[in-house]
Each structure stands twice: as structure tokens, then as C-alpha cells.
Amino acid sequence: MARVPVAARIRIGRASGIVARHYRSLRPHPSAELVPQPHPWLRALGMVAVVLLGAWLGLLVVGDVRVPVGPMNTTMALRPSVAGGTKINVSPLGALELNSHKAPVRLDVNVDQLDPVRAQALVDHPERISGLQQEITHDVEHGTLDLAVRSCVAVVAGATALGLAVYRRPRRALTAGGLALTLLTASGATAYATWNPESVLEPRFSGLLSSAPSLVGNARNIVTEFDVYQKELARLVTNVTKLYDVTSTLPAYEPDPTTIRVLHVSDIHLNPASWKIIASLVQQYRVNVIVDSGDTMDHGTAAENGFLDPITDLGAPYIWVRGNHDSRTTQRYLQHMKNVHVLDDGRAISLGGLRFAGIGDPQFTPDRSAAPGGDRAEELAGARLAAALRDQKTAGTPVDIAIAHEPTAARETDGEVPLVLAGHLHHEGMEVMRYGTRLRIEGSTGGSGLRALERSYPAPIEASILYLDRGTRRLQAWDEIRLGGLGQTTAEVTRHLPKENLPGASPAPGATPPGATPPATAPTDRSGATPSGSGATPSGSGATPAPSAP
């Protein structure tokens with residue numbers, strides 16, 4: 001065997017070591033084999049979670065802006081939200097919610113307190129009130145700009161800080177901050193694209209403010225004075241300022257003298273608390289006429305008649321039509337009561353500046369059974385009411401409001417009257433029918449009565465204030481009043497305006513002008529479909545109703 005020189009052996013050894021190190025570098029480290037790398041979508045999901053949580057924390061910690069708005073000290077903030085919108089908290093009176101935009105962020109405005117120095121300056125110099133709206137508009141604009149800048153800083157700082165704490169890599173932390181800024185910018189763009197300045201015309205009140213809808217003005221002034229969202233928001237803050245300054249209680253409602261106010265109630269079902277609620281609404285809203293669309297009783301027996309006696313002390317004329325839980329005995333008792341006007345078989349009366357006509361329910365089903373007549377009986381009753389409405393127009397005394405208990409009967413009056421009122425379904429609804437007649441369905445003003453105890457969730461107490469123009473006798477707006485049911489103390493008032501009354505709106509296409517007779521050749525839709533949201537089968541519908549049906 002040949003002997004290898006020492007120098008050659010050294011070179012061979014070095015080469016072997018280099019090769020060994022090379023192959024060792026190609027083998028995975030044992031620790032790397034024990035820790036599997038996450039999938040890309042998991043890494044992306046983790047980044048999204050960090051961005052959202054960091055941005056939310058940033059808004060909570062440093063996203064609020066304190067803004068003096070006129071004599072009020074307010075706090076503005078952006079908060080994550082599914083539906084978007086604007087919420088104005090007026091502590092301790094309650095809150096107003098506006099459907100101002102659709103975006104994953106909500107604008108919160110908290111009215112913290114009245115600045116005594118600025119408020120006293122207004123009291124000492126009342127001439128400054130005239131320029132207060134312009135000042136408030138400027139304050140709101142300045143506060144909104146500050147809020148936008150602070151919110152950008154807040155979401156970037158929050159997402160970057162959380163990204164650094166989670167990933168411990170500056171590049172990933174900066175990526176999280178950039179994504180948060182992109183998200184906020186996209187949300188702002190969405191809010192701008194869906195901005196609805198008319199939302200201030202239809203606020204929803206909660207808390208004690210639910211009894212003071214006059215804070216945003218009466219129906220007529222809202223339409224005529226409407227300009228832009230910021231201006232109306234400024235006027236709202238101005239009125240809240242006056243509220244704090246004048247009294248610690250809610251102001252008395254001052255109705256527009258050019259409107260007629262009708263209180264619509266229905267389906268009281270022997271709930272004695274309803275009379276106190278109705279009396280309170282009559283006093284607060286200065287109601288001209290009360291309309292009850294039936295089911296005041298539960299079984300219609302003579303023993304229940306004493307329940308009706310408080311009607312004489314409600315403070316306004318009471319118009320009533322028979323429901324399917326009201327008997328002829330009930331009707332005769334009411335016909336002899338002072339201040340009560342019973343309408344049946346299309347009878348018409350003039351009251352409070354309006355002309356009403358109504359018809360009682362043709363079916364009597366106090367046990368919630370299915371009557372043989374079913375929907376056909378309701379349609380025939382509605383046809384009789386429609387014929388009476390046509391006769392009134394021919395005689396030169398057109399009816400302004402028709403009343404029936406069952407919506408199926410009420411729909412037969414389409415094209416014969418501007419507005420028809422109904423109940424029965426125990427949930428509110430408003431629809432414009434084919435020939436232009438507007439159908440208002442009231443919920444249960446008695447919270448479904450004693451039958452509310454059968455449910456796990458108490459039914460709300462519902463009523464409506466309808467505002468009609470005294471000159472045209474057409475509906476201008478309505479306030480939807482919703483109180484918590486048995487054992488609850490919540491209260492909400494939501495103001496609505498017909499679309500044709502909104503600024504710049506045009507009449508609904510294809511609608512027959514109220515008071516006009518629809519073309520004889522046009523087919524009439526008599527499907528009688530109930531509005532969406534109905535969870536009950538009306539009694540006497542021809543099918544066996546559920547135990548909780550009206």
C-alpha cells in the first residue's frame with residue numbers, strides 16, 4: 001500500500017470537513033422539525049386580528065376629542081359598529097340615534113355638561129342667540145376635523161404597538177399600522193358615500209328624551225327649514241342648551257298650530273295601564289282626536305264594560321271601531337258614552353278638522369277560533385267601506401281617514417281615501433298601496449293585554465301620533481311610540497316622514513292622487529299580504545291560528 005504524504009492527508013481532511021459541514025447545513029435543525037410553520041392564511045388571519053384589536057384599543061384610549069359646541073362641552077368619538085349611524089347621548093335625559101351612514105364605524109357625541117360661563121353670557125345677552133347656530137356649525141366642523149386626525153393617529157398607534165408586542169418585528173408592526181390606517185380610510189370613504197343628511201328628520205329617541213320629540217322641531221318646520229345635516233345637528237344642540245338652561249325637567253310639547261294631531265291606538269285587550277298612557281300622550285302632544293281601531297276588549301262580555309269608563313276622561317274625542325274581540329254588547333255600551341263616536345257600516349263624521357269613516361270587524365272570535373267567513377268576510381266588509389267612501393266623494397264630503405280593524409278589510413279602500421288605519425296584528429307597519437292609499441297598522445297599545453304573560457318576552461306597548469296638515473288634511477309625519485312591556489321601563493319615539501314630504505322628493509310613480517278614483521280597467525291587487533315581520537296568524541283567517549294570535 002502506497003504511503004500518502006502528510007501534506008496530501010491534510011488537504012483531504014480539510015476537504016472532508018468542508019463537505020461534512022455542507023451536508024450538515026442542508027439538514028433541518030432538530031428544533032425546526034418540532035415547530036411546524038403556520039399556513040399563510042393563518043398568518044393573514046392573525047394579522048387581521050391584530051389590526052382590528054389594535055385599532056379598536058387605540059380609538060378607546062386616545063380617540064376621543066373634547067369639543068366645546070356653543071355653551072356645551074361635548075366629547076366626540078368613533079366606535080366600531082356593524083350598522084354605523086350617529087348616537088347623541090344627552091346625559092341624564094337619554095339618547096338620540098340617527099341613521100346617518102352605513103359603515104363599520106359609529107359617531108358618538110356625548111353632551112357632557114353645560115358651561116356655566118358661556119351659558120350665563122347667553123342669558124345676559126340674548127341677542128347672541130341669533131348667531132348661535134353659525135357658531136355651533138363652526139364648532140362641529142372643527143371638532144369633526146380634529147376627530148378625523150386623532151382617529152387616524154389612534155388606529156395607527158394602537159395597531160403598530162400591538163403588532164410590535166405580538167410579532168416583535170418592526171416591519172410587521174409597521175405593516176399592521178398601515179393596514180389599520182387603510183381600514184379607517186376605507187370606512188371613512190364608505191361613510192361619506194352612504195351619508196344620509198335626511199336622517200336628522202327621522203331620529204329615534206330613547207330614555208327620557210322619548211317624551212320630548214319637539215327637540216328637533218315640529219313636522220312642518222322640519223321640512224321647510226331643512227338645509228344640511230350639520231345645520232340641523234347645530235339646531236338640535238341649541239335646543240338641548242335651552243333645555244338645560246330653562247329647566248331640569250322636560251319641556252312641554254309645543255305643537256305646530258297648522259297641524260292636526262291624531263293619536264292612533266289599537267288592541268288594548270283589557271290592559272288598564274293603557275288609559276294612563278293614552279291620557280299622558282293626549283296631554284303632552286295636545287292631541288285633537290283619538291282613534292281606536294278595535295280589540296279594546298278580550299271577550300266582549302257585559303262584565304268587561306266597566307273597563308271602558310275611563311274613556312270619558314281622556315281629554316280628547318274618541319273614535320272607535322269594533323274588533324274581532326269586541327262584541328255588539330261592547331259596541332252598544334260605547335254608543336251611549338259621552339265623548340265616544342262609534343263608526344260602523346261606513347258611517348262618516350267630521351271631528352277635529354278631519355272627516356272619518358269606519359266599519360266594524362264582521363267576525364267575532366274572542367276564543368281565537370277560525371270563523372267560517374275568514375278573509376272573504378273581511379274583504380266584503382272592506383268593499384262596503386270602500387263603497388261608502390265613494391258615496392261620500394260623490395256627495396262632496398270626501399273622507400280623510402278610514403278605519404277598519406283587520407288590514408285585509410282596510411286594503412279594500414285603496415284609491416278611495418288618502419289614509420286608512422288598522423290594527424289586529426299586534427305589530428306596527430306602514431305601507432303605500434297600489435293606488436296611493438297609505439295604510440297604517442298600529443301595534444298593541446295594551447302590550448297584547450294579559451296574553452303577554454304567555455310569552456317569555458313581554459310584548460311592547462305601541463301607539464302613534466299622526467300629524468296632518470290643517471289645510472290639505474294630508475299626512476305630514478308620524479311619531480312611532482314604543483314602550484317596554486310588562487316589567488320593563490324602556491321608551492322610544494321614532495319620527496317618520498312620508499318620502500314624498502322629504503326635501504326634493506317627487507310623488508311616488510304611478511300613485512293615484514288621494515281622492516281620485518282608480519281607472520276601472522286597471523287590475524286591483526287584493527292579495528291582502530301582510531307586511532313583513534308578522535309573526536302571528538290573524539284570528540278568523542280561515543286557518544287555525546296559533547295560540548298567541550291576535
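The exercises below concern salt bridges in a predicted model of a single chain.

**Exercise 1.** Find how many salt bridges the chain has, and which parts of the chain the pair Arg79 and Asp64 ties together.

*Solution.* The count comes to 13 salt bridges. In one of them the side chains of Arg79 and Asp64 meet, with a distance of 2.8 Å from N to O, which is within the 4 Å cut-off. Arg79 lies in strand β2 (residues 72-80), whereas Asp64 sits in the loop between α3 (40-62) and β1 (65-69), so the pair ties together parts that are 15 residues apart in sequence.

**Exercise 2.** Decide whether Arg79 and Asp64 are buried or partly exposed.

*Solution.* Buried means under 20% relative accessible area. Arg79 has 16% relative accessibility and therefore counts as buried, while Asp64, with a relative accessible area of 32%, is partly exposed.

**Exercise 3.** Locate the partners of the salt bridge between Asp400 and Arg473, and classify the accessibility of each residue.

*Solution.* The closest N and O atoms of Asp400 and Arg473 are 3.0 Å apart. Asp400 belongs to the loop between α11 (374-394) and β13 (401-403), and Arg473 to the loop between β17 (461-469) and β18 (475-483), so that the pair links distant parts of the chain, 73 residues apart. Asp400 is buried, at a relative accessible area of 7%, whereas Arg473, at 30%, is partly exposed.

**Exercise 4.** Identify which residues are linked with Asp344 in a network of salt bridges.

*Solution.* The network joins Arg322 and Arg328 with Asp344.

Definitions and conventions: Residues numbered from 1 in each chain as written. Predicted model: local features only at pLDDT ≥ 70, side-chain atom pairs only at ≥ 80, totals over all residues. Heavy atoms only, no water. Helix = DSSP H or I, 4+ residues; strand = E, 2+ residues; numbered from the N terminus. Buried < 20%, exposed > 50% of the residue type's maximum accessible area, 1.4 Å probe, protein only.
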